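This report describes the fold, the nonpolar cores and several individual residues of one protein chain. The sequence and the structure are shown first.

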Amino acid sequence: MKLKYRHIALAFLAATTLSAGAQDLRSGYFIDSYLYQHELNPAFGNENDYFSVPFLGNFNANMMGNFGYEELVHKNPLYPDRSNKKMTSFLNPYLTNPLKGFGSGDNQINADLKVGIMSFGFKKWGGYNTIELNVRGNFNVKAPYKLFQFAVDATNQKYDIGDIALDAQTFAELAVGHSREVNPDLRVGGKAKLLVGIADASVRMKDVVADLKEADKWVIKADAQSDVSMSGFKYLTKVKDYNAKDESFRKVNDMDFGIGVSGFGLAVDAGVVYKAMEDLTLSAAINDLGAIVWLNDHRAENKSKSFEFNGFHDVSVNSDSEQKLDNQADSYTDQLLDFANLRDEGDKGVRITGIGATLNAGAEYVIPTYRALKLGLLATVRVNGPHSWSEGRFSANIKPVNWFEGGVNVSVNSYTANLGFIANFHSKKCNFFIGMDRVLGKVSKEFIPLNSNGSISFGLNFDM
């Protein structure tokens, strides 16, 4: 299969126009009837045996960060008198405050998707057991404020931009878990996971500096590297001049790839639940402690370290107003590729990457005067290199009747504050849940969260 590499590079911007971190519904951590508590802490069990509806048993889509769609896309100040486009990019020179909303430090987005292909849970061998098959994907981007400042403001002579990081990963996992009581107050559990890698991509630009040489011409100094592991992958290139001496190299601009197995790995989860007193329960878990060994590493680098760049431009301003969106996207991503200035270095062989570990620690308190009401405090830390984050979540959870349990919560993470909820309906034969760790606010017409924070989780399962 052939796909333009520029569309992969566009993921740097597309991350903010797609839908974070940990891929499970943390709003359900203290909900006993939520069948997938064991995803958050493998020491949790269930009262009933269950099986999932294929592809619909446990669906999770998440996104969180501190910049997004509304920072990159603005109302067009030229509409309707001088342009027929209502919206424009932040690069439009006619905007009065194009960087409104961007953080003054690092700007980050973490997006992920987890689809449960199948899942079973059953009591056997002195405890509770789970078998799951899932497909998971992550996308993470980190860019300093000065990159966006450089993109829109050409008045300074020099920009010390800093480091830029982009990572994307897709893999399948087969997980087998077991939990059991050690004594009436202590329960432990663990999971072993076989990982099958589908694709992994990492782009790093370190110590990026832009020096103004002359009007609209910059000398960029950077240490840039791209690593892609994917079945049948191959960079495609074209000749590109890169400095004033008329030297040239074959610049990456497209790619070929196939779909297949690209690597294998292992991971484990481990957890504990301890009843400290009658109404207080403490718990902790570490999930996804492991790595994938990729069978190849297709690398591209910026060998010259220093090269000329003509700056970023809003192509919709300088082009025909009827220009197709695909053509504009190609032009934006051509600019990004010129900025990275990568050269194909071939297949470097095997490489190993982590999948990002998550730590959860919880405390649950049952209200003695109304035992159907529980308060919960959950701390989460995601350990994932430059895309690491932390979160605290306070929840109130209630089970007023046997067939319904739900909760609301408020969370504060490394990027923002959010409201969340879960509603879990369960009869003798059926269990359905829906929830959001970050309630969607305003969305675009494509249903994209304007502030890059939102999630949706749901699942339909049956008792065995």
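Contact here means that heavy atoms lie within 4.5 Å. The model under discussion is a predicted one.

**Overall composition**

The protein contains six helices and 25 strands. Of its 464 residues, 50% are buried. The exposed area of the protein is about 20700 Å², and carbon and sulfur atoms supply 60% of that area.

**Strand pairing around strand 13**

Strand 13 (residues 263-277) pairs with strand 9 (residues 186-214) in the antiparallel sense, over twelve bridges. Within this pairing, arginine 187 has valine 273 of strand 13 as its bridge partner. Strand 13 is also joined to strand 14 (residues 280-294), again in an antiparallel arrangement, by 13 bridges. Here valine 268 is matched with leucine 289 of strand 14. Two residues separate strand 13 from strand 14, and the two strands form a hairpin.

**Nonpolar cores**

The largest nonpolar core holds 42 residues, of which Phe150, Ile220 and Phe339 touch the most other members. Two or more residues are given to this core by each of several elements, among them strand 6 (106-124), strand 7 (127-144), helix 5 (145-152), strand 8 (158-183) and helix 6 (325-340). Strand 10 provides the largest share of the core, namely six residues. Another core, of 16 residues, lies apart from this one and includes Tyr29, Tyr36, Val273 and Leu378.

Isoleucine 220 illustrates the surroundings of a core member. Beyond its neighbours within four places in sequence, isoleucine 220 is in contact with Phe150, Val208, Val209, Ala210, Lys305, Ser306, Phe307, Phe309 and Phe339.

**Two buried basic residues and one partly exposed phenylalanine**

The table sets out the relative accessible area of three residues.

| Residue | Relative accessible area | Class |
|---|---|---|
| Arginine 26 | 2% | buried |
| Lysine 374 | 8% | buried |
| Phenylalanine 394 | 43% | partly exposed |

Arginine 26 is placed in the loop between helix 2 (11-14) and helix 3 (37-40). Because its relative accessible area is 2%, arginine 26 counts as buried, the cut-off being under 20%. Outside its neighbours within four places in sequence, arginine 26 is in contact with Leu40, Asn360, Leu378, Thr380, Trp389, Glu391, Arg393, Asp437 and Arg438. Arginine 26 and isoleucine 422 are 396 residues apart along the chain, yet their C-alpha atoms are separated by 9.3 Å.

Lysine 374 belongs to strand 20 (residues 373-383). Which residues surround lysine 374, leaving aside its neighbours within four places in sequence? The residues in contact with lysine 374 are Phe30, Asp32, Glu364, Tyr365, Val366, Ser395, Ala396, Asn397 and Glu405. From C-alpha to C-alpha, lysine 374 lies 9.2 Å from aspartate 279, although the two are 95 residues apart in sequence.

Phenylalanine 394 is located in strand 21 (residues 389-401). Its relative accessibility is 43%, so phenylalanine 394 is classed as partly exposed. Together with Leu377, Val410, Leu419 and Val439, Phe394 forms a nonpolar patch on the surface, with about 450 Å² of accessible area for the group.

Notes. Residues are numbered from 1 along each chain as its sequence is written. This is a predicted model: local features need pLDDT of at least 70, side-chain atom pairs count only at pLDDT 80 or more; totals for chains, interfaces and linings use all residues. Side-chain values use heavy atoms; hydrogens and water are left out. Patches are made of residues with over 30% relative accessible area and no salt bridge: like charges are joined within 9 Å, nonpolar side chains (Val, Leu, Ile, Met, Phe, Trp, Tyr) within 5 Å. Accessible areas come from the Shrake-Rupley method with a 1.4 Å probe; for residues, only the protein chains shown count as cover. A salt bridge is a side-chain nitrogen of Lys or Arg within 4 Å of a carboxyl oxygen of Asp or Glu. Helices (H or I, at least four residues) and strands (E, at least two) are DSSP runs, numbered from the N terminus. Buried means under 20% relative accessible area, exposed over 50%, partly exposed in between (1.4 Å probe, protein chains only). Two strands pair if DSSP finds at least two bridges between them. A nonpolar core is a set of buried Ala, Val, Leu, Ile, Met, Phe, Trp, Tyr and Cys residues joined through side-chain atoms within 4.5 Å.
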